[in-house]
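Work through the exercises below with the model open. Try each task before reading its solution.

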Amino acid sequence: MSSSRINALTTWAAHQHGLGVDAIAIAPAGGDASFRRYFRLTLPDGTTRVVMDAPPQQEDSQPFVTIARRWHGAGLPVPQVHAADLEQGFLLLDDLGSTPMQQLFTDDAAVRGYHNQALTLIADLQNRVSPTSLPAYDATLLGRELDLFPTWCLNAWLGLSAPDSWTALRAELIDQALDQPVVCVHRDFDAMNLMVHHQQLFMIDFQDAVAGPISYDVISLLRGRYRRFSDEQFAAFVAAFHHAARRDGRLSPRHDAATFLQQCQAMAAQRTLKVLGIFCRLTLRDQKTGYLARLPHFLDHLDDSLAGLPAHGDFARWARDTLRPAVMARLNEAEV
């Protein structure tokens, strides 16, 4: 980040509080996989805020502002937007601290407790906000995401072609997603995007929210970066969510427990394949580091998901016998 941009951000943040730049302190507070960067602003009375720097040439902050204000108005736990300058790409937000949910996975009881709390938050999101104003998570978008896997993971990084079984799997995963009730989907409901502040979970990084399948955020949570649940644990979480969704009307009787579990497995396969492609794209195109090391974890997720889709055993065997060895060999080469 250039010194001129830091100066502009500092001047803007000070102006929002009617202060001179010498009266405030700004320090880096992290970044993410995008071009966004965050700074913690400390005011003379000790109050803190977070300033988001989202260069408008690379990031459109309007969706974040619109969604944040709408969700905050619905009583959902998201940072309040205190000020926004979309031309410069500066946003002034609540400071939710520095504790993402995964930092509190200290033992099995904490893991279960926080995941149950997060599943309740997904239900709150789906119940309190209509998805009608959000972009549709339609067949085109689902397919475009799936195609990141052969484009970036197979072709660009591994030099492999997709197996013949890919076509049928791709079609099935899209159909299974579209057969679900449409709700408000955060789209990256991962432990790293759930901040624990005053014992409550707050959602961040929701600018890509869409109107899409009811299971998507459940899968983002349960098959994310930080845990691999056993088949029994995964099924228990899904069953609890299914029971609550049936009770409050988000799921109809047509979506019985077995049907919903299979749809969750299909949704998990779709998201995991997308993630494998995105991590390779972040590495190859964007020169981001650290993402390739996470591929084996998501290969485990892929195995777990495909095991719940027995009609696609050919692809599951290819993933086990061809994809995984190729990934591991490539990672070993990178360490040499």
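Three exercises follow, on a predicted model.

**Exercise 1. Overall fold**

Task: Describe the secondary structure of the protein, then judge its radius of gyration against the globule rule.

Solution.
- Step 1. Count the elements. The protein has 11 helices and 9 strands.
- Step 2. Compare radii. The radius of gyration is 21 Å, close to the 20 Å that the globule rule gives for 336 residues, so the protein is as compact as a globular protein of that length.
- Step 3. Take the extents. The C-alpha trace spans about 65 × 55 × 40 Å along its principal axes.
- Step 4. Check burial. Of the 336 residues, 50% count as buried.
- Step 5. Look at contact range. Take the contacts with a separation of 6 or more: residues 24 or more positions apart account for 71% of them.

**Exercise 2. A helix pair**

Task: Determine how helix H9 and helix H10 pack, and which residues meet.

Solution.
- Step 1. Choose the descriptors. Two packed helices are described by the angle between their axes and the distance between the axes.
- Step 2. Read the values. H9 covers residues 257-284 and H10 covers residues 295-307. Their axes are 8 Å apart, at an angle of about 155°.
- Step 3. Classify the angle. Angles over 145 degrees count as roughly antiparallel, and H9 is therefore roughly antiparallel to H10.
- Step 4. Assign the hand. The crossing of H9 and H10 is left-handed.
- Step 5. List the contact. From H9 come residues including Ala268, Leu276 and Phe279. H10 contributes, among them, Phe298, Leu302 and Asp304.
- Step 6. Sort by character. The residues of this contact divide into 12 nonpolar, 4 polar and 2 charged.

**Exercise 3. Two positive phi values**

Task: Locate Gln199 and Asp205 and decide for each: buried or exposed?

Solution.
- Step 1. Recall the background. Most residues other than glycine have a negative phi.
- Step 2. Read phi. For Gln199 phi is near 70°, a positive value in a residue other than glycine. For Asp205 phi is near 55°, also positive in a non-glycine residue.
- Step 3. Place Gln199. Gln199 sits in the loop between strand S7 (194-197) and strand S8 (200-203).
- Step 4. Place Asp205. Asp205 belongs to the loop between S8 and strand S9 (210-213).
- Step 5. Apply the cut-offs. Buried means under 20% relative accessible area, exposed over 50%. Gln199 has 67%, so Gln199 is exposed. Asp205 has 14%, so Asp205 is buried.

How values were computed: Residues are numbered from 1 along each chain as its sequence is written. This is a predicted model: local features need pLDDT of at least 70, side-chain atom pairs count only at pLDDT 80 or more; totals for chains, interfaces and linings use all residues. Side-chain values use heavy atoms; hydrogens and water are left out. Axes are lines fitted to C-alpha atoms, for helices over the stretch in contact, and angles run from 0 to 180 degrees between N-to-C directions. Helices (H or I, at least four residues) and strands (E, at least two) are DSSP runs, numbered from the N terminus. Angles under 35 degrees count as roughly parallel, over 145 as roughly antiparallel, 65 to 115 as roughly perpendicular and the rest as oblique. A crossing is left-handed if the near helix is turned anticlockwise from the far one by less than a right angle, and right-handed if clockwise. Contact means heavy atoms within 4.5 Å. Ala, Val, Leu, Ile, Met, Phe, Trp, Tyr, Cys and Pro count as nonpolar, Asp, Glu, Lys and Arg as charged, and the others, Gly among them, as polar. The radius of gyration is taken over C-alpha atoms; the globule rule is 2.2 Å times the number of residues to the power 0.38. Buried means under 20% relative accessible area, exposed over 50%, partly exposed in between (1.4 Å probe, protein chains only).
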